[in-house]
Amino acid sequence: MIQVISVLLENKPGALMRVTGLLTARGYNIECLTVARTLDPTLSRMTIGVDVEPHLRRQVIKQMNKLINVLQAVDLTDGPSVTREMVLLRVRAAMEHRTAILKEAEIFSARVVDSSTEGFAIEATGDTEKMDEFIDVMRSYGEIEVTRSGVVAVSLEAKKLRLSPPIPTGAEAKSKDRIGVLNA
Amino acid sequence: MSNLMSGARMLLECLGREGVDVMFGYPGGVTLPFYDAMYEHPIRHVLVRHEENACFAASGYARATGKVGVCCATSGPGATNLVTGLVDSMMDSIPVVALTGQVTSKLIGSDAFQEADTFGITRSCTKHNYLVKSLADLPAIIHEAFYVASTGRPGPVLVDIPKDVFQAQGHYVPVSSIHLPGYKLVTEGHSGQIRRAAQMMWEAQRPFIYAGGGIIAAGASEELKQLVEILDAPAVCTLMGLGSLSSSHPNFISMPGMHGSYAANMGMTHTDLIIALGVRFDDRVTGRLNAFAPHAKVIHLDIDAAEIGKIRNPDLPIVGDAKKVLPKLVKALEELQPSMSEQNSAHRKAWWKQVRGWQEEHPLVPSFSTSEIRPQHLMHEIDRISGGEAIVTSDVGQHQMWAAQFIRFHHPRLWINSGGLGAMGFGLPSAIGAQMACPDKLVFSISGDGGFQMAIPELATIASQGLPIKIIIMNNGYLGMVRQWQELFYNNRMCSVQLDCFPDAELLARSYGFKGRTIDQPADLTAALQEAVNEPGPYLLNVKVTPFDNVFPMVPAGGAINEMVLSAPQPVAVGTK
């Protein structure tokens with residue numbers, strides 16, 4: 001069973017590697033990964049699908065939250081959330097199957113995006129299980145080629161985003177407790 | 001005065017604003033513009049003899065002062081040589097800023113001469129790292145680097161700077177503020193949790209304080225002392241925490257763990273409340289986890305939320321800065337004292353009696369011989385001269401454990417060693433940093449004959465800087481700790497652990513222009529150490545000790561910490577390869 005981690009991070013070079021590195025350094029495989037800019041172009045939203053036991057997942061998410069580039073990392077596994085995946089597939093269809101394929105596509109609320117004498121290109125969205133079923137059904141009609149987007153997810157709970165304010169630099173900052181904790 | 005200047009000069013301006021007075025480094029092709037700007041700048045640059053040691057020296061400087069240590073290396077091999085030092089600082093949470101040169105921006109990715117993907121290589125061995133892509137970004141990045149390195153849980157930060165950024169000209173406007181929205185610092189501690197913690201402490205019948213490097217990083221030794229005293233609980237300091245509570249404090253029990261004392265480990269096992277302060281439940285402390293403190297509730301205070309529950313789930317976590325949380329804890333304890341402190345006084349007395357009993361049963365006492373110098377004897381003598389006041393640096397291995405067992409530290413920031421990473425060759429270069437930071441302090445660098453030979457090039461740095469470091473080699477002719485494990489767990493099949501060739505210490509030191517000596521008689525030890533300390537300059541003292549002494553007590557790997565091997569018969573070498 002795949003768990004979903006949602007990460008809001010700064011849209012900066014290397015930020016993605018820092019997040020994924022925490023999983024790969026522990027020998028875990030990333031099952032799927034999507035990342036794109038948010039409404040604020042300086043930020044990205046990343047959705048990671050992994051299979052990691054709960055104790056370690058909690059630990060990894062804490063480590064992600066520690067990263068300077070990460071504003072918030074949340075485990076969507078336990079809380080209420082909606083996940084969706086997109087599938088683009090090409091199915092070679094013999095003439096006698098074309099109508100049946102279109103019917104099946106309709107059942108899955110899929111959309112034909114290209115049609116040729118060879119067959120169809122179809123786009124579908126849904127949760128991961130539904131997409132697995134859709135692919136299975138299409139495979140029963142003939143040779144298929146599949147590209148999956150990986151999951152994107154949105155939490156149904158509002159999580160408070162705590163951001164740090166700007167910090168003064170230089171000598172004037174030192175007189176305050178900026179590094180006062182360090183016996184400076 | 002025009003504020004038009006090169007990137008290299010701008011970097012120096014930023015370092016000046018951060019209060020950097022000394023940096024440790026090694027120049028190279030792409031850092032030439034930086035070194036050229038340094039030529040007319042007051043900042044002090046210490047030329048080490050290997051980049052790894054630049055990072056170790058910066059770490060020694062940081063460990064001795066709490067200030068950020070700065071090191072500098074060129075691209076490619078210079079940067080890759082820093083890696084061990086960065087991981088060491090990462091593991092021990094030491095504030096270090098590493099500056100590396102990078103090939104010119106447009107050559108990045110072209111397999112240029114001395115190019116390495118420093119940004120990628122050091123991603124996982126730094127708290128944060130940067131690749132500077134334009135001069136406009138440089139000042140803010142430098143201030144961010146110092147801020148990130150020194151705040152929260154400290155750690156190393158690397159800034160990779162391409163040659164063209166050093167050379168570019170720009171108008172320097174001091175950065176007035178930096179913004180790291182995702183860098184969350186939790187320092188205050190939750191007041192409800194603090195109150196509950198105080199309650200648990202008074203309710204406990206057998207409380208036990210487990211203090212670590214976090215107390216030293218927070219500068220919270222005085223606050224720790226107050227907590228220890230109001231609660232009157234026994235306290236252990238981890239290898240990284242030695243000195244956070246003075247070794248002479250009556251409540252100080254010693255170090256717990258694999259080579260900890262009997263009393264410390266028995267205390268950990270039998271306590272009903274572990275008060276864990278700035279520690280990370282390292283495997284060398286806990287031994288086999290399911291047998292670690294089986295009856296204990298745990299209060300865990302740490303500034304790093306990711307440490308909470310990483311190894312042991314605490315019954316009461318507090319995320320915060322020990323410097324800020326401990327006074328609140330002490331206050332809460334004081335408030336509850338009149339109503340709660342008496343309820344367990346009989347149990348507390350019995351607990352102290354038990355702990356004192358363990359201390360008497362198997363005390364940590366040095367071993368002596370009249371024919372050979374025992375390693376414990378050497379540490380005992382260094383301790384006598386230090387009187388708990390000298391800075392002592394070490395590598396990793398037997399000498400490190402004996403030093404930790406037998407040398408007292410009356411203050412924090414005196415005991416400097418590679419704890420988490422366990423890097424050989426750390427002691428000598430870190431002593432350089434410590435002595436530069438504290439020119440008036442007595443600094444002992446203790447290494448084994450193995451680790452010393454990893455750091456030998458730095459004798460030149462010590463000589464050229466005229467640093468009066470007392471370099472002590474505990475020379476048993478073996479990679480002692482590895483040999484100890486081969487003896488105990490690999491049927492005494494000693495493979496590649498004998499160090500059968502070692503330079504003549506007197507000649508070696510003399511070739512660098514300072515004094516050195518080799519001794520092997522116990523009768524000479526006191527005078528030789530005194531001679532080293534009296535010498536105004538550096539001194540290399542090679543102490544030949546018994547070759548087959550092993551460190552005890554010892555918890556075998558995977559064992560429970562109360563199942564210590566307290567001593568072993570003198571083993572006999574059956575074979576070497």
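Here a trainee and a mentor talk through a predicted model, looking at chain A and its contact with chain B.

Trainee: Where do I start with chain A: how many helices and strands does its secondary structure have?

Mentor: Count the elements before anything else. For chain A you get five helices and ten strands.

Trainee: And what does the radius of gyration of chain A tell me?

Mentor: Set it beside the value for a compact globule. With 184 residues, that would be near 16 Å, but chain A comes out at 22 Å. The box around its C-alpha atoms, taken along the principal axes, is roughly 80 × 35 × 30 Å. As for burial, 28% of the residues in chain A are buried.

Trainee: What share of the contacts in chain A joins residues 24 or more positions apart?

Mentor: Look at contacts with a separation of 6 or more: 73% of those in chain A link residues 24 or more positions apart.

Trainee: Now the interface. How many residues does each chain bring to the contact?

Mentor: People often give the size of an interface as the accessible area lost when the parts come together. Here we can count residues instead: 29 from chain A and 35 from chain B. On the chain A side, α1, α2, β4, β10 and α5 each supply at least two residues, and α2(A) gives the most, with four. By class, that side has 14 nonpolar, nine polar and six charged residues.

Trainee: Which strand of chain B is joined to β10(A)?

Mentor: For strands, check the bridges and the direction. β10(A) is joined by two bridges to β9 of chain B (residues 177–178), and the strands run antiparallel. Find A:P168 and you'll see B:S177 of β9(B) opposite.

Definitions and conventions
Residues are numbered from 1 along each chain as its sequence is written. Chains are lettered from A and ligands numbered from 1 in the order in which they are written. This is a predicted model: local features need pLDDT of at least 70, side-chain atom pairs count only at pLDDT 80 or more; totals for chains, interfaces and linings use all residues. Two residues are in contact if their C-beta atoms, placed from the backbone, lie within 7 Å. Ala, Val, Leu, Ile, Met, Phe, Trp, Tyr, Cys and Pro count as nonpolar, Asp, Glu, Lys and Arg as charged, and the others, Gly among them, as polar. Two strands pair if DSSP finds at least two bridges between them. The radius of gyration is taken over C-alpha atoms; the globule rule is 2.2 Å times the number of residues to the power 0.38. A residue is buried if 20 or more other C-beta atoms lie within 10 Å of its own, exposed if 12 or fewer, and partly exposed in between; C-beta atoms are placed from the backbone.
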